[in-house]
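Hi everyone, thanks for making time this morning. Please have a look at the chain on the screen, and then I'll walk you through a few places in it.

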Amino acid sequence: MTKVNIAQGENRRKAIREVVDQLGQALVDKVKAAKLILIKPDLVHHELQLASVHVDTIRGIIDVIRTYSTASIVVGDAAHFGTKAGFRNFGYEHLLEHYSDVRLVDLQDEPFVEQTFKLENGEQTILRRSKLAMDADLTISVSNLKTHHDYGAALSVTNWAEGTMIVPPRVTVLGRVWSRAPWLSVGGPKVMHQLLAFLYTQKPCDVAVIDGILAMEGDGPVNGGPVSVGVALAGFDAVAVDSIAATIMGLDPHGLGYLEMIAQAGKGVNEMSRIDVPLLIVTELTRTFQLPLSTKDHLLDWQI
């Protein structure tokens with residue numbers, strides 16, 4: 001059985017610290033063995049806190065790490081609207097004042113490695129991935145509980161897979177952005193989910209943490225509205241963690257293409273009967289999240 005831990009409460013830092021600490025000796029061993037730890041938060045929008053991981057979520061994770069290790073910690077992202085602005089606007093720079101040997105890194109400024117993804121028509125596309133994400137001794141994907149207009153839900157797997165892609169900037173009416181859309185949308189919904197699954201299976205994260213204290217429904221992952229859920233999730237299998245998160249949102253994990261593809265590849269578990277989780281708590285937390293209007297009727301288009 002694959003275990004997913006749950007903590008409840010309204011104090012974000014405390015709940016995150018509790019759910020990460022529940023990972024137990026297995027996490028302690030990984031932390032003690034690591035020389036370089038990468039914490040990868042989802043900072044999708046540099047001005048909208050609801051869309052991005054709160055700094056207290058990161059504090060809760062570092063609190064646990066620093067209990068067992070003085071290893072170097074990098075907090076890094078390659079955010080759509082700019083990582084440095086997100087660090088500055090959301091108070092991430094204060095982490096450097098309270099913890100030793102912690103760095104804030106824009107992954108777009110770092111070296112990358114190339115991976116080749118083969119399209120169904122036989123064409124190949126070259127993808128750039130953060131070398132730091134590929135090489136770190138321990139990787140932690142940290143996301144919010146929120147909807148997504150293309151994927152249905154934007155959780156720890158999409159944060160890790162899409163958010164470690166390195167792409168050139170382009171100028172739009174919204175300003176300078178680092179958009180993955182030209183790569184993700186090249187072959188329609190099915191290929192988009194296949195590409196996410198490819199990126200994740202090539203290099204899974206080691207730990208997944210989801211902050212659902214204040215979640216997002218509606219037009220996610222940026223412009224949705226708040227939903228108070230009061231939950232934090234964590235586990236070593238990001239697919240299982242995301243499957244429980246999706247269930248809480250009222251979504252079928254098998255209906256999220258990238259999760260189903262990764263599970264079919266044997267790189268994660270999305271079958272509820274194979275996940276060790278307190279089902280009574282999941283049932284009590286479950287509600288039906290409002291989906292983006294563009295998603296509601298097209299969630300299963302990846303099956304076509």
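Let me start with a small puzzle: is Asp101 buried, partly exposed or exposed? Asp101 is partly exposed, with a relative accessible area of 41%. On that scale, buried means under 20% relative accessible area, exposed means over 50%, and partly exposed is in between, using a 1.4 Å probe and protein chains only.

Before going on, a word on what we are looking at. This is a predicted model, where local features need pLDDT of at least 70 and side-chain atom pairs count only at pLDDT 80 or more, while totals for chains, interfaces and linings use all residues. Residues are numbered from 1 along each chain as its sequence is written, and side-chain values use heavy atoms, with hydrogens and water left out.

Back to Asp101. You'll find Asp101 in the loop between helix 5 (95-98) and strand 5 (102-106). Helices here are DSSP runs of H or I with at least four residues, strands are runs of E with at least two, and both are numbered from the N terminus. The phi of Asp101 is near 55°, a positive value in a residue other than glycine. For background, most residues other than glycine have a negative phi, and most peptide bonds are trans. On the peptide bond side, Gly220 and Pro221 are joined by a cis bond, with omega about 15°. Pro221 sits in the loop between strand 12 and strand 13.

Asp101 also has a partner in helix 3, namely Arg66. Leaving aside neighbours within four places in sequence, Arg66 is in contact with Ala71, Ile73, Tyr99, Ser100, Asp101 and Val102; contact means heavy atoms within 4.5 Å. Arg66 and Tyr99 are 33 residues apart along the chain, and their C-alpha atoms are separated by 8.4 Å.

Now stay with helix 3 and look at its helix neighbours. Helix 1 (residues 12-21) packs against helix 3 (residues 55-68) at an angle of about 45°, with the axes 7 Å apart. The axes are lines fitted to C-alpha atoms, for helices over the stretch in contact, and angles run from 0 to 180 degrees between N-to-C directions. That angle makes helix 1 oblique to helix 3. As for the wording, under 35 degrees is roughly parallel, over 145 is roughly antiparallel, 65 to 115 is roughly perpendicular, and the rest is oblique. The residues in this contact divide into 5 nonpolar, 2 polar and 7 charged. Here Ala, Val, Leu, Ile, Met, Phe, Trp, Tyr, Cys and Pro count as nonpolar, Asp, Glu, Lys and Arg as charged, and the others, Gly among them, as polar.

And how does helix 2 meet helix 3? The axes of helix 2 (residues 24-33) and helix 3 come within 9 Å and cross at roughly 70°, so the two helices are roughly perpendicular to each other. On the helix 2 side we have Leu27, Val28, Val31 and Lys32, and they meet Val64, Ile65 and Tyr68 of helix 3. By class, that gives 6 nonpolar, no polar and 1 charged residues.

Next, the interior. The largest nonpolar core has 65 residues, and Leu145, Tyr200, Val229 and Leu233 have the most contacts inside it. A nonpolar core is a set of buried Ala, Val, Leu, Ile, Met, Phe, Trp, Tyr and Cys residues joined through side-chain atoms within 4.5 Å. Apart from it lies another core of 37 residues, among them Ala15, Ile61, Ile73 and Val142.

Val142 deserves a closer look. Val142 belongs to strand 8 (residues 138-148) and is buried, with a relative accessible area of 0%. Not counting neighbours within four places in sequence, its contacts include Ile39, Pro41, Ile61, Asn159 and Val209. Val142 and Ala208 are 66 residues apart in sequence, yet 6.1 Å apart in space, C-alpha to C-alpha.

One of those contacts, Asn159, is also among the buried residues of helix 7. Helix 7 is mostly covered, with 7 of its 8 residues buried.

Last stop: the axes of helix 9 and helix 11 come within 8 Å and cross at roughly 50°, which makes helix 9 oblique to helix 11. Their contact has 6 nonpolar, 4 polar and 1 charged residues.

Thanks for listening, and I'm happy to take questions.
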